[in-house]
Amino acid sequence: MALLAPESAVPSTLVALVVLRVPAWACLLCFTSYKERLRICQIFSGVEGPEREKCEKAFTAAFQGLLDTEINYDERNHLHDAFTQMTHSLQEMAAARGSFEVAFPDAAQKIQEVITQLKEAPACIPPCGLQEVARRFRCRGCYSTVCDLPLDCPVQDVTVTRGQQAMFSCTVNFQLPKEEITYSWRFAGGGLRTQDPSYFRDIPRAEGYLARIRPVQPTHRGTFSCVIKHDQRLLARLYFFLNVTGSPPIKETELQSSFREVLLWAPREAEMIEPWRPSLGELLATPEALTPSNQCLLAATAAIASASLTLLAWMFFRWYFSGN
């Protein structure tokens with residue numbers, strides 16, 4: 001639960017909720033304190049008396065229309081600023097002997113206009129993942145919510161012929177935070193197609209959102225899992241079931257056959273998945289491969305090539321004019 005009211009305002013808000021029997025916390029109770037609302041009514045109608053109680057009820061009633069309001073979680077500070085400005089304006093109007101019966105509905109209307117101008121939260125994108133970008137703040141309860149989606153994504157089937165290359169792309173269809181994103185890979189062998197974490201084991205040195213296996217062998221048949229985290233917080237788990245097809249090569253030399261029997265065609269665990277290190281052609285053909293490190297590598301390569309060409313041109317002209 002993410003409460004935006006000041007810490008000192010929370011107990012007072014609870015008291016007001018009990019006294020006024022409000023069905024749920026509205027935006028007014030989330031972004032203003034009980035002391036602030038009480039002070040406004042004291043200026044409007046006096047410190048004590050039935051008129052002040054009438055003022056308090058009118059204040060709450062004017063904002064009942066915002067009871068079920070939901071906003072983009074990232075926009076809550078803008079709404080808090082609007083309520084702060086509203087509080088100052090009401091105090092000035094009360095000091096000028098204005099009417100709270102007019103001032104409160106007018107203030108609620110202005111807040112409603114501010115809400116309509118706030119940036120909307122993106123919609124939840126199924127089928128899975130913790131999508132912080134779609135987090136919403138609810139005035140009914142003064143708390144935030146995220147998409148009600150599972151962290152485990154559906155298993156994707158990948159079929160590869162024996163001896164070829166298998167490529168896995170650990171990407172999701174919703175926006176991830178820009179920093180502190182980590183990827184880790186796990187494997188459940190024996191041909192299992194599963195999402196049960198008890199069957200998986202970590203694959204050392206397998207990092208990054210792109211990974212590949214080459215050459216693919218029958219022992220690679222099983223489920224590979226990619227875990228996406230943001231600052232140690234789990235965002236999603238992706239699963240790839242690798243099905244290996246094709247029979248062993250027909251022509252094998254005696255040495256190759258003996259070597260296969262010794263190793264049992266079982267790759268070492270640390271070399272099962274290798275990070276994808278794309279070539280220049282793959283970089284240009286795959287936009288997702290242009291990570292900051294790869295962009296720096298391309299820039300450095302271009303700079304070295306440019307400097308080399310300049311040096312060669314200078315040496316040629318120097319030799320040419322010295323000969324003349």
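Here is a walk through a predicted model, moving from helix packing to salt bridges, backbone details and a surface patch.

Let us begin with the helices. Helix α3 covers residues 34–45, and its axis comes within 9 Å of the axis of α4, with a crossing angle of roughly 130 degrees. An oblique arrangement is counted for angles that are neither under 35 degrees, nor over 145, nor from 65 to 115, and that makes α3 oblique to α4. The crossing of α3 and α4 is right-handed.

A second helix pair sits further along the chain. The axis of helix α5 (residues 76–95) and that of α6 come within 10 Å, crossing at roughly 160 degrees. Angles over 145 degrees count as roughly antiparallel, so α5 is described as roughly antiparallel to α6. Here too you will find a right-handed crossing, with α5 passing α6.

With these helices in view, we can turn to the charged side chains. How many salt bridges does the structure hold? There are eleven of them, and three make good stops on our tour.

Start in helix α4, which spans residues 50–62 and contains both R52 and E56. These two residues form a salt bridge in which the closest N and O atoms are 3.2 Å apart. They are four residues apart, or about one turn of the helix. Are the two partners buried or exposed? The cut-off for buried is under 20% relative accessible area; E56 has 14% and is therefore buried, and R52, with 12%, is buried as well. The pair also belongs to a wider arrangement, since E48, R52 and E56 are linked in a network of salt bridges.

Now move to helix α6, residues 100–117, where D106 and K110 can be found four residues apart, about one turn of the helix. Their side chains meet in a salt bridge, with an N to O distance of 3.5 Å. D106 has a relative accessible area of 37%, so this residue counts as partly exposed.

The third stop takes us to the strands. R186 and D202 form a salt bridge, and their closest N and O atoms are 2.9 Å apart. Because R186 lies in strand β6 (residues 181–188) and D202 in strand β7 (residues 201–202), this pair ties together parts that are 16 residues apart in sequence. As for their surroundings, R186 is partly exposed at 23% relative accessibility, while D202 is exposed, with a relative accessible area of 52%.

Next, let us follow the backbone. Most peptide bonds are trans, and most residues other than glycine have a negative phi. With that in mind, where do cis peptide bonds appear here? One joins P126 and P127, with omega at about 15 degrees. P127 lies in the loop between α6 and β2, the latter being residues 136–138. Another cis bond runs from R214 to P215, where omega is near -10 degrees. P215 belongs to the loop between β8 (210–213) and β9 (222–230).

Positive phi values are worth a look too. R97, a residue other than glycine, has a phi near 65 degrees. You can find R97 in the loop between α5 and α6, which brings us back to the helix pair met above. At 72% relative accessibility, R97 counts as exposed. C142 also has a positive phi, near 55 degrees, in a residue other than glycine. C142 lies in the loop between β2 and β3 (143–145). In contrast to R97, C142 counts as buried, at 2% relative accessibility.

Return for a moment to the loop between α6 and β2, which also holds G129. At 0% relative accessibility, G129 counts as buried. The C-alpha atoms of G129 and L238 are separated by 9.4 Å, although the two residues are 109 residues apart along the chain.

Finally, come out to the surface. Which residues form a nonpolar patch there? The patch is made of L309, L311, L312, W314 and M315, and together they have about 570 Å² of accessible area. One of these residues, W314, has its place in helix α9, which covers residues 292–323.

Terms used: Residues numbered from 1 in each chain as written. Predicted model: local features only at pLDDT ≥ 70, side-chain atom pairs only at ≥ 80, totals over all residues. Heavy atoms only, no water. Patch = residues over 30% accessible without salt bridge, like charges linked within 9 Å, V, L, I, M, F, W, Y side chains within 5 Å. Areas by Shrake-Rupley, 256 points an atom, 1.4 Å probe, with all protein chains shown as cover. Salt bridge = Lys/Arg side-chain N within 4 Å of Asp/Glu carboxyl O. Helix = DSSP H or I, 4+ residues; strand = E, 2+ residues; numbered from the N terminus. Buried < 20%, exposed > 50% of the residue type's maximum accessible area, 1.4 Å probe, protein only. Axes fitted to C-alpha atoms, helices over the stretch in contact; angles between N-to-C directions. Left-handed = near helix turned anticlockwise from the far one by under 90°.
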